Amino acid sequence: MAENFTAFVIEDVDGKPKGGFTTLTLADLPDNDVLVEVACSTLNYKDGLAVSGKGRIARKLPMVAGIDLAGTVVESRSPAWKPGDKVVANGWGLSETQWGGYTRFQRLKAEWLTRLPDAFSFEEAMGIGTAGYTAALCVDALERWGAVQPGGKEVLVTGAAGGVGSVAVALLAKRGYPVVASTGRPETHDYLRSLGASGFIDRAALLDKGAPLQKERWAGGVDSVGGQTLVNALSQTVWGGAIAACGLAGSSDLPGSVLPHILRNVALLGVDSVMAPQDRRDAAWARLARDLDRNALKTMYEVQPFDALPELATRILAGKIRGRVVVDVT
Ligand code: NDP
């Protein structure tokens, strides 16, 4: 095992969080039960905020950033895991209150780990990452609500060319729901069509303030944008439909009306991946293993070296990343 290894650590510099590459040893890691040799991590919007210092994601410093990791158990004091087990960790406060995945080794609590389905390599698991796993939670939420039907009315995905959106498009289409992708990037239409989108709507069309009850169109939706986009999605949802909302890439505001909810029985289903219970996680990963086409997955992510992280963080905050980024920490 490597004595020294590189990690991306956020530290307090003159009262501000500042990230940089640092050398750690195993003795520096937290005293949790399971030591994991990390193969890859990934880059989510929240990681972009943490790495760039533009958002206060870490609630204690120093903090190893990275909200996802995939790797192999090396040592375990928990009976739940043994050396050689292949695992992923998504959320659970990694990079916020617990040291995260931008490192070659990490010690984690047993209950933060999910068994990696055999279907996926580490690279593919991180190609999915928190964004993809959250997309699966959103589709689960819509189906549990009974909002969507194969071959039924259209399902909207906002922020469609982003990480959550791309995977949501693919998962929904695979289930036979007609998917309309909302994106501000027309150049991604071919890509989204290859994932299963059957229609498009320019994201600008969902940004204007509209009437609280608009023409009913969507059986359901997955929204990673928030703000007026989410309000318009709710206003255009059919009676009894639902929007699963997980993101705020556009805005954290909700400047809307109760009318879609009280006159059309429309549900706003909040989705949080960070503290999702283990059974929901297992169900989401099982869905991904079952429904996410491997060839489509390959087109959704790029693999980047560890030292590109600061530049990648800037790009994701500028909305310039298409799909997902796997960070190779080896
Ligand atoms: P990405 O940056 O990959 O994708 C976000 C997409 O949103 C962009 O690609 C773009 O899509 C669209 N977008 C960006 N800015 C705007 C804007 N100003 N107005 C309208 N649309 C915009 O991020 P992720 O997919 O990784 O994450 C999406 C959101 O989901 C983030 O807010 C993230 O924090 C949240 N999230 C929440 C989780 C949870 O547990 N609740 C877990 C994971 C993510 P396009 O180019 O197609 O228009």
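1. A cavity, as the word is used here, is a set of grid points where a 1.4 Å probe fits but cannot get out, whereas a pocket is an open set with protein on both sides. With that distinction in mind, and remembering that this is a predicted model, a reader new to the structure can take the enclosed space first: the structure holds one cavity of 30 Å³ or more.

2. The space in the largest cavity comes to about 60 Å³. Its lining is made up of I10, P17, A50, G55, R56, I57, A58 and L61, and by residue class this lining divides into six nonpolar residues, one polar residue and one charged residue.

3. One of the residues lining the largest cavity, L61, also takes part in a feature of the backbone that deserves a careful look, since a cis peptide bond joins L61 and P62, with omega at about -5°. P62 itself is placed in the loop that runs between helix 1 and strand 4, the latter spanning 63-64.

4. A second backbone feature concerns S95, which has a positive phi of about 80° although S95 is not a glycine. This residue, too, is found in a loop, namely the one between strand 6 (86-90) and strand 7 (105-108).

5. Turning to the open space, the largest pocket has a volume of about 1100 Å³. It is lined by 44 residues, of which Y45, V164, S224, L248 and A249 are the closest to its centre. The elements that each supply at least two residues of this lining are helix 1 (45-52), helix 2, helix 3, strand 10 (179-183) and helix 9 (309-317). Sorted by class, the lining of the largest pocket consists of 19 nonpolar, 19 polar and six charged residues.

6. Where does the ligand sit? The ligand is placed in the largest pocket, and the elements that give two or more residues to the shell around the ligand are helix 2 (122-145) and helix 3 (163-174). Of the elements, helix 2 gives the most to this shell, with three residues.

7. The shell as a whole has 25 residues surrounding the ligand, and the closest of these are V164, T183, G184, R185 and S273. V164 thus appears in two lists, being among the residues closest to the ligand and also among those closest to the centre of the largest pocket. The shell around the ligand divides into 11 nonpolar, 11 polar and three charged residues.

8. Three polar atom pairs between ligand and protein can be checked directly in the model. An oxygen atom of the ligand is 2.9 Å from a polar backbone atom of A161, and an oxygen atom of the ligand is likewise 2.9 Å from an N or O atom in the side chain of R203. On the nitrogen side, a nitrogen atom of the ligand lies 2.9 Å from a backbone N or O atom of V271. As for how far the ligand is covered, it exposes 930 Å² when taken alone, and the protein buries 87% of that area.

Methods: Residues numbered from 1 in each chain as written. Predicted model: local features only at pLDDT ≥ 70, side-chain atom pairs only at ≥ 80, totals over all residues. Heavy atoms only, no water. Near = heavy atom within 4 Å. Polar contact = N/O pair within 3.5 Å; in protein donor to acceptor, adjacent residues only side chain to side chain. Areas by Shrake-Rupley, 256 points an atom, 1.4 Å probe, with all protein chains shown as cover. 1 Å grid on protein atoms, 1.4 Å probe; cavity = no way out; pocket = protein on both sides within 12 Å on 5 of 7 lines; lining within 4 Å. Sits in = over half its atoms within 2 Å of the grid points. Helix = DSSP H or I, 4+ residues; strand = E, 2+ residues; numbered from the N terminus. Nonpolar A, V, L, I, M, F, W, Y, C, P; charged D, E, K, R; others polar. Points joined across faces, edges and corners; volume = space filled by probe spheres on them.
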